[in-house]
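The following exercises ask the reader to reason from a predicted model. Each task is followed by a worked solution in steps.

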Amino acid sequence: MQNYNSNKRFCILHSTFIIQQMMNNQRLTQTQRQELKLSPQQIQLMKLLQLPLIELEQRIKEEMEINPALEDTHENDYEDNEPINDDNSDEGENDDYNDDEINFSKDDEFDINDYLPEEDRDDYSYKLQANNYSSDDDPYEAPIVNEETFQDYLNQQLAYRDLTDKQLEIGEYIIGNLDDNGYLNRPVPNIADDLLFTMNLSASEDEVNEVLKIVQELDPPGIAARDLQECLLIQLKRLQEENPYNDYSLSITIVKDYFEEFTKKHYDKIAKKLEVSNRELKAALDEILKLNPKPADASSSGSKNIHYITPDFFVYIRDGKVELSLDGRNTPELHISKSYIKMLEEFSNSKDNRSKQEAVQFVKQKIDAAKWFIDAINQRQNTLYITMKAIVDIQEEYFLTGDETKLKPMILKDVADKIGLDISTVSRVANSKYVQTPYGTFLLKFFFSEGITNDEGEEVSTREIKKILKDAVENEDKANPMTDEQLMVVLKEKGYPIARRTVAKYREQLGIPVGRMRKKM
């Protein structure tokens, strides 16, 4: 019995020890730390800032669809012109009432604040309307364009060919797989498999190749080629057929048998192997250079879609001064729905307090959401304007002259510091936004560039250096183009001491090939 009590006491002590250890290991601690979190309204504004004008239109339409309390002034003309105000008000005041703007005064019978808790009461008599128009703006309606696609253009040509139904389906599938440049990047065996699995159409590789040759006979010449070499050969053979009195045999031979040497511009090797003179070789190369390496390009057919740019800003030069305006024609004039205001008035007369409270809460949420969205639109427009105004102020000399060499070094931080906003905000504004100037329409990113120091100790924009580099390449001897070392010397003579590797970097950014690839006979 004594051993039993002793063992029992040991178990209790051991359990107590384990519990104390567990409590020590799981001790609760309280710490303080700061976290930066954006409110839903701030997140909404950030998303709106990065949208270009066309996408903003779509975003506003989506918001109006999900929130009936938000309306476009120009799409809602109410027949009921009875104002919401005191029954004893004068008729003259009623005549001045505008349905497009809902304002509440202290004398109104109906006041939205009467139905909200004191802590949620806001001054709803503030501007509930995002007015993005000026008195000088003309009414603008986006045109409805019905365009024929490049694919439709090819399918129409294919339909005029004497083909079986099976061949027509194969041809349409091939056309549907062409890329933006008009090339067929999908191998013929894969196309045969696709036809079987996706269209339940059994076709051999020979049948696909037969239809492919027919598609390659369509206009523009070179369409449906598998690579650049085949594209050029198709065009040269078409020229030979259409112009039998001209001899394109040397051009065809160069593309067919010496394509690698041609692309690397090893003209001396080609002339030596073919035993032709430089004059004959130059004539053949000139015919090749006339060909279109991108058959589906807009220059080869008027059926290709044309993409238009809608500028977000306009810059004008008037009386020697730069003027800036923000395009707001495509942004609807938003306001709070009058019907929702009336709805609250009806709920105020309801006898069912519970249902009234739920209804008022629902309508309040919709009105709040509409109010926040209008605020975000107003804030977006203001942020866009002050950001672009800062860019114009910094680059004023360029906007007055249009000379790219007048562009000053400018990075996102320069604009952010000038207007007192975060760099990320400026980045969102500069993203996908365009400005129309007297010298063309540009992305805002065009005006941003880093700077280097010249011989005189002045900081100049890298864009100025690129402009000088581009001019030097355009004016060089095409038969003996300059190397990067020679271009480095040219820039150094003009006061820009930069390394050869930097010249190569700027040249690549400008899309200029190396000297050997720029050689012309």
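**Exercise 1. Determine whether Arg238 is buried or exposed, and identify the salt-bridge partner of its side chain.**

Solution.
1. The relative accessible area of Arg238 is 13%. Buried means under 20%, so Arg238 is classed as buried.
2. The side chain of Arg238 forms a salt bridge with that of Asp219, at an N to O distance of 2.9 Å.
3. This pair connects distant parts of the chain: Arg238 belongs to helix H9, Asp219 to the loop between H8 and H9, and 19 residues separate them.
4. Asp219 has a relative accessible area of 35% and is therefore partly exposed.
5. As a general principle, side chains of opposite charge can pair when their charged atoms come close.

**Exercise 2. Describe the peptide bond between Asp219 and Pro220, and the surroundings of Gln216.**

Solution.
1. The bond joining Asp219 and Pro220 is cis, with omega at about 0°. Pro220 is situated in the loop between H8 and H9.
2. Gln216 is also placed in the loop between helix H8 (205-215) and helix H9 (228-242).
3. With a relative accessibility of 11%, Gln216 counts as buried.
4. Leaving aside residues up to four places away in sequence, Gln216 touches Ile223, Ala224, Ala225, Arg226, Glu230, Ile234 and Arg238.
5. With one of these, Glu230, the side chain of Gln216 makes a side-chain polar contact of 3.2 Å.

**Exercise 3. Analyse the salt bridges Arg59–Glu63 and Lys290–Glu287 in terms of geometry and accessibility.**

Solution.
1. A search of the whole structure yields 18 salt bridges.
2. In one of the pairs, the side chains of Arg59 and Glu63 meet at 3.0 Å, N to O.
3. Both residues lie in helix H3 (residues 53-66), four residues apart, or about one turn of the helix. An α-helix has 3.6 residues a turn, so residues three or four places apart point the same way.
4. Arg59 counts as partly exposed because its relative accessibility is 23%, whereas Glu63, at 7%, counts as buried.
5. In the other pair, the closest N and O atoms of Lys290 and Glu287 are 3.6 Å apart. A salt bridge requires a distance within 4 Å, so this pair qualifies as one.
6. Lys290 is exposed at 62% relative accessibility, while Glu287 is partly exposed with a relative accessible area of 23%.

**Exercise 4. Locate Asn200 and Glu275, and state what is notable about phi in each.**

Solution.
1. Phi of Asn200 is near 55°, a positive value in a residue other than glycine. Asn200 sits in the loop between helix H7 (188-199) and H8.
2. Its relative accessibility of 67% makes Asn200 exposed.
3. Phi of Glu275 is likewise positive, near 55°, and this residue too is not a glycine. Glu275 occupies the loop between helix H12 (267-274) and helix H13 (278-289).
4. Glu275 is exposed, its relative accessible area being 72%.

**Exercise 5. Establish which residues of helix H21 are buried and against which elements they pack.**

Solution.
1. Helix H21 covers residues 500-509, and its buried residues are Thr502, Val503, Ala504, Tyr506 and Arg507.
2. These buried residues pack against strand S8 (451-453), helix H19 (462-474) and helix H20 (484-493).
3. After H21 comes Gly511, with a positive phi near 75°.

**Exercise 6. Name the residues of the nonpolar surface patch of about 220 Å² and place Leu400 within the fold.**

Solution.
1. The patch is made by Ile317, Leu400 and Tyr439.
2. Leu400 belongs to helix H16 (residues 396-401).
3. Leu400 is partly exposed, because its relative accessibility is 36%.

**Exercise 7. Summarise the chain as a whole, then decide where its coordinates call for caution.**

Solution.
1. The protein chain contains 21 helices and nine strands. Of its 521 residues, 37% are buried.
2. Among contacts between residues at least 6 apart in sequence, 64% join residues at least 24 apart.
3. The mean pLDDT of the chain is 76, and 71% of the residues score at least 70.
4. Strand S3 (residues 313-318) has the highest confidence, at 92, and helix H4 (residues 91-95) the lowest, at a mean of 40.
5. Over residues 77-145 the pLDDT stays under 50, although the model has 97 contacts beyond four places in sequence for this stretch. Residues 298-305 also have a pLDDT below 50, with 18 contacts beyond near neighbours in sequence.
6. Where pLDDT is low, the predicted coordinates should not be read in detail.

Methods. Residues numbered from 1 in each chain as written. Predicted model: local features only at pLDDT ≥ 70, side-chain atom pairs only at ≥ 80, totals over all residues. Heavy atoms only, no water. Helix = DSSP H or I, 4+ residues; strand = E, 2+ residues; numbered from the N terminus. Buried < 20%, exposed > 50% of the residue type's maximum accessible area, 1.4 Å probe, protein only. Contact = heavy atoms within 4.5 Å. Patch = residues over 30% accessible without salt bridge, like charges linked within 9 Å, V, L, I, M, F, W, Y side chains within 5 Å. Areas by Shrake-Rupley, 256 points an atom, 1.4 Å probe, with all protein chains shown as cover. pLDDT = per-residue confidence, 0-100. Polar contact = N/O pair within 3.5 Å; in protein donor to acceptor, adjacent residues only side chain to side chain.
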